[in-house]
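Let's walk through this structure together, starting with a single residue and ending where two chains meet.

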Amino acid sequence: MAEAKVAPRPLSPHLQIYRWSWTMAMSVAHRLTGIALYGGIALFAIWLVALASGPSAFESVQWFFGSPLGYLILFAYTWILMHHMLGGVRHLVWDFGYGMEREQRINMARFTLIGSVALTLAIWVVAFIAF
Amino acid sequence: MADNRADTRVSMRTPLSRVKGLGASGHGVEHWWIHRVTAVANIPLIISFVIIVAALAASPSYQDAIAIISHPLVAIILILAVLSVTNHMRLGMQIVIEDYVHHKGQKIAAVIANNFYAVIIGVACLYAILKVSLGRILA
């Protein structure tokens, strides 16, 4: 058997080689927001378990979520959730074979960012007014 | 001995294997498909979840939170959301692990840990929702 040849060049350049584009940025953002939601759901689990444990445990958790840091986390979590949801809808559109053209791809990527920011602001404004 | 097959180019796979269509791994496109099914389910469930959380934020007292979570409609939506979301995130994280963790032992350990985490989160949420909402009837 001949020895396997070692290619004298990088065969598959990594992320930092490529010029950033809207589609690439939103693809990376989709994965990062997914990872953030994966960790963030633990906060909801802690809140629910505290509620099931009784008033004293609930008050401590509620104090945290009512603090400035808690609000910041909830606000960031809202945007991350909306971004991942719109990014997911984009992927579902692609799964059906639509939106593959260059202009459509870029527009959908832009809409993911703009739409998620708009939805996040809308949710917080409506939540403050309605409740 | 004569080869009586209609087409000698057919693969070595058994007819049962071809009918099942599960491929070499025995799982077929199950991972991909359930990831998509849970993605579709997540859309209405997450929209409902956001509304529920906004209502909870507006009434921060313990009694109000118990009243909201124990409402049957809220409890059922949250249970469905927990089931769909924990499965979706488990499948999604497994893709990330398989993309970036190349050492075989570490990959298997990470996938197992991922499954444990998803199940722990799911069971913790379901237990808490059921305890809060069923406790209301018994009380």
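Gly66(A) is partly exposed in this predicted model, because 13 other C-beta atoms lie within 10 Å of its own, and a residue counts as buried at 20 or more and as exposed at 12 or fewer. You will find Gly66(A) in helix 2 of chain A, which covers residues 55-66. If you pick Leu32(A) as a partner, 34 residues away along the chain, the C-alpha atoms of Gly66(A) and Leu32(A) turn out to be separated by 26 Å.

Now let's turn to the place where the chains touch. Chain B brings 27 residues to the contact, and chain A brings 25 residues. On the chain B side, at least two residues each come from helix 2 (30-58), helix 3 (62-69), helix 4 (72-100) and helix 5 (104-138). Helix 2 of chain B gives the most, with ten residues. By character, this side of chain B consists of 24 nonpolar residues, one polar and two charged.

One helix pair deserves a look of its own. Two packed helices are described by the angle between their axes and the distance between the axes. For helix 3 of chain A (residues 68-95) and helix 2 of chain B, the axes come within 10 Å and cross at roughly 135°. The two helices, helix 3 of chain A and helix 2 of chain B, are therefore oblique to each other, and their crossing is left-handed.

Which residues meet here? From helix 3 of chain A come Leu81(A), Met85(A), Gly88(A), Leu92(A) and Asp95(A), and they meet Arg36(B), Ala39(B), Val40(B), Ile43(B) and Ile46(B) in helix 2 of chain B. The residues of this helix contact divide into seven nonpolar, one polar and two charged.

Methods: Residues are numbered from 1 along each chain as its sequence is written. Chains are lettered from A and ligands numbered from 1 in the order in which they are written. This is a predicted model: local features need pLDDT of at least 70, side-chain atom pairs count only at pLDDT 80 or more; totals for chains, interfaces and linings use all residues. Two residues are in contact if their C-beta atoms, placed from the backbone, lie within 7 Å. Helices (H or I, at least four residues) and strands (E, at least two) are DSSP runs, numbered from the N terminus. Ala, Val, Leu, Ile, Met, Phe, Trp, Tyr, Cys and Pro count as nonpolar, Asp, Glu, Lys and Arg as charged, and the others, Gly among them, as polar. Axes are lines fitted to C-alpha atoms, for helices over the stretch in contact, and angles run from 0 to 180 degrees between N-to-C directions. Angles under 35 degrees count as roughly parallel, over 145 as roughly antiparallel, 65 to 115 as roughly perpendicular and the rest as oblique. A crossing is left-handed if the near helix is turned anticlockwise from the far one by less than a right angle, and right-handed if clockwise.
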